[in-house]
Amino acid sequence: MENSEGVKIESTVVTEEPLISALDIALFVVIITVAYFWYFKRDKQSSSSEKKPYTIQPSSLSSIEQTSNSSFIKKLKSTGRSLVVFYGSQTGTAEEFAGRIAKEGARYKMKGMVADPEECDMADLVEMKEIQKSLAIFCIATYGEGDPTDNAMDFYEWLQNGDADLEGLNYAVFGLGNKTYEHYNEIAIYIDQRLEELGATRVHEIGLGDDDANIEDDFVSWKEKLWESVCSHYGIEETGEESNIRQYKLVDCSEVLPERIFSGEISRLKSYENQRFPFDVKNPYLSKIAVNRELHKSGDRSCMHIEFDIDGSKMRYDTGDHVAVYPKNSSELVDKIGELLNADLDAVFSLLNTDEESSKKHPFPCPCTYRTALTYYLDITSNPRTHIMKELIEYASDPKDQEKSKLMASSTPEGKKEFHEWILRDNRNIVHILEDLPSVKPDLDHLCELLPRLQCRYYSISSSPKVYPKSIHITAVLVNYTTPTNRVNKGVATNLLAQLIPTNDELPQPTIPIYIRRSQFRLPPKSQTPIIMIGPGTGLAPFRGFIQERDYARKEGREIGGMVLYFGCRKKDEDFIYENELQEYVANGTLTKLHLAFSRDQPEKKYVTHLLEQNADELWNIIGEKSGHLYVCGDARSMAKDVHSIIVKVVMEKGQMTNSQALNYVKKMEQQKRYSADVWS
């Protein structure tokens, strides 16, 4: 019965109308087309929304937001502000200083805002004169070998290439640098001079902060005199004592869904679960640790050779580049803060900027737990600056603790001395301060607002992509020392790396977020050019990559120039790292000469600088007669300076030049990238 009915129905349909009519086909095509465009539009939007997955966001902005927020002049005018503080920052210090200046502006009836020049149309500086009693302040760091920071690069180039009329612009500049480097505060000095050349009015002389000494003291001293100059220039007076106004307000996020809570990501929520190329400072690659082995043969110190697996990441590096490693604080220190403040570290919270016009909505990715913030986002191991001590005063219930905090926060000679001795000399971090001032119990959310961001650590890459295209090698000394208060301080990154030991293939390998930072530390374009490499200790790292690259070229049948390496360490049988590799390169002819200095293997200490002085003829032959390249990597404070002095002396004596001629010769080498330094203090 059912079969006969089925046949009958099918027969009727066939005889009366085709199964799919022309109209059906047309409708189907329309539906598919609409669905196609809807799907890909939605996909594009969802891709964008993944960068901003929740209304409480980290500080990164979408391109649309940057465009709408690029006019800082409009913001100043619409909000009745007259002070804007720009920052050029690589590690966050300049940004922190900028925030402190903007906050203090209220004491002088100058409502301020902090601005990132990368997110602003700096050509709008010409319109600052339209705002009554306006002032632009620049907190600018010099980075690398006299370079602007990444976020100040466009502004720097605009000043170099433009000729804007900045008459009517009132400004002041504070530079952040390090005297152990040759190009001390070079960018800040240039900006200060260039603004004046373009017609702007300097309200206060430039301040030069030295991070090798006490940059906090330099900044505070300059800032106090700055406000004196501002009062004199504008004919205004200080309104009274500074009040501790919170920049961020606490938001309870206990009801936020777990999938909307940050757990250590730098910018994009769930970025470590859904990795996307390209990888950079805001989007690091979660790399597996492929190799982690000890390089020292004996002794109580440790030096690690670590290999990061980048296979499948599409990441590319060049010999001489740096790799940035994102560390995390030890759980022991994090738990200690929770214990000292009697706080629930697993509570979910957010800090929201009280300034609705600010492009930086949060100090770090929010919402998250306090444990996450203290582990991944906040620096809890460095010495706190004086402004943190000032904010802690109100939380001290014991008069003695309050007085001590107040003294260290002051700018008096006694206060500076106490801060230097108790904080800097004794090397106290925030955990130690809370332990030693037991009545100081700050609100944990306020402490999270005050502490600076935990920064990534940079390491010279000690491999060549020609030989190791799927991995990045670094050479890192484990930092571990006892402070004057008999506490053991540990390097945040190196102690984390020391724990990341690869297991067998059946278990998940340890991982850590990384990205590649480009460098100007490069081999000569021609492989035939001879080079001299000076790298004691872990200063050998980039030269290991140089040697690998030249060895690769030699094996390909290409002609390579002479390679001379100066390496030094304490003892040959203790910390002569990569000894077998170097001896092999000497044996096969890639490494022409290997000069070794073992400082403690004989009664009188012997360093690479002593060997350089003994080999003046060889040095001049390569850098003078053969126009070779010279490279220095390692300590900037003493070794690099000593090398520079020796090279100038060799050029004088062997090149038969006066001191000024020799200095100019070496300067020209630097300009031609024939004399390059990759140093740290």
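1. In this predicted model, the side chains of Glu-549 and Lys-466 meet in a salt bridge, with an N to O distance of 3.7 Å. The pair links distant parts of the chain, its members lying 83 residues apart. Glu-549 belongs to helix 17 (residues 541-555), whereas Lys-466 sits in the loop between strand 14 (457-460) and strand 15 (471-477). The two partners fall into separate accessibility classes: Glu-549 counts as buried because its relative accessibility is 18%, under the 20% limit, while Lys-466, at 42%, counts as partly exposed. As the cut-off for a salt bridge is 4 Å, the N to O distance of 3.7 Å lies within it.

2. A second bridge joins Arg-518 and Asp-321, whose closest N and O atoms are 2.8 Å apart. This pair, too, links distant parts of the chain, with the two positions 197 residues apart in the numbering. Both residues are in loops: Arg-518 in the one between strand 18 (511-517) and strand 19 (531-534), and Asp-321 in the one between strand 10 (303-309) and strand 11 (322-325). Asp-321 is buried, with a relative accessible area of 0%. Arg-518 is partly exposed, with a value of 46%, because partly exposed covers the range between 20% and 50%.

3. Arg-428 forms a salt bridge with Asp-426, and here the closest N and O atoms are 3.1 Å apart. Arg-428 counts as buried at 8% relative accessibility, and Asp-426 counts as buried at 10%. Both residues also take part in a network of salt bridges that includes Lys-336, Glu-339, Arg-425, Glu-435, Asp-436 and Arg-487. Side chains of opposite charge can pair when their charged atoms come close. For the structure as a whole, the number of salt bridges is 41.

4. The surface carries a patch of positive charge, in which Arg-570, Lys-571, Arg-600 and Lys-605 gather. Lys-571 is placed in the loop between strand 20 (563-569) and helix 18 (572-575). With a relative accessibility of 35%, Lys-571 counts as partly exposed. This value satisfies the patch criterion, because patches are made of residues with over 30% relative accessible area and no salt bridge.

5. Leu-198 deserves a separate remark. The residue lies in the loop between helix 7 (186-197) and strand 6 (201-202), and is buried, with a relative accessible area of 11%. Setting aside residues up to four places away in sequence, Leu-198 touches Leu-159, Gly-162, Asp-163, Ala-164, Asp-165, Leu-166 and Glu-167. One of these contacts, Asp-165, is 33 residues away along the chain, yet the C-alpha atoms of Leu-198 and Asp-165 are separated by 5.7 Å.

6. Some totals for the chain complete the note. Its secondary structure comes to 23 helices and 23 strands. Of the 681 residues, 50% count as buried. Among contacts between residues at least 6 apart in sequence, 75% join residues at least 24 apart. The chain exposes about 33100 Å², of which carbon and sulfur atoms supply 49%.

Definitions and conventions:
Residues are numbered from 1 along each chain as its sequence is written. This is a predicted model: local features need pLDDT of at least 70, side-chain atom pairs count only at pLDDT 80 or more; totals for chains, interfaces and linings use all residues. Side-chain values use heavy atoms; hydrogens and water are left out. Helices (H or I, at least four residues) and strands (E, at least two) are DSSP runs, numbered from the N terminus. Buried means under 20% relative accessible area, exposed over 50%, partly exposed in between (1.4 Å probe, protein chains only). Contact means heavy atoms within 4.5 Å. Patches are made of residues with over 30% relative accessible area and no salt bridge: like charges are joined within 9 Å, nonpolar side chains (Val, Leu, Ile, Met, Phe, Trp, Tyr) within 5 Å. Accessible areas come from the Shrake-Rupley method with a 1.4 Å probe; for residues, only the protein chains shown count as cover. Lys and Arg count as positive and Asp and Glu as negative; His and the chain ends are not counted. The place of a charge is taken as NZ of Lys, CZ of Arg, CG of Asp or CD of Glu.
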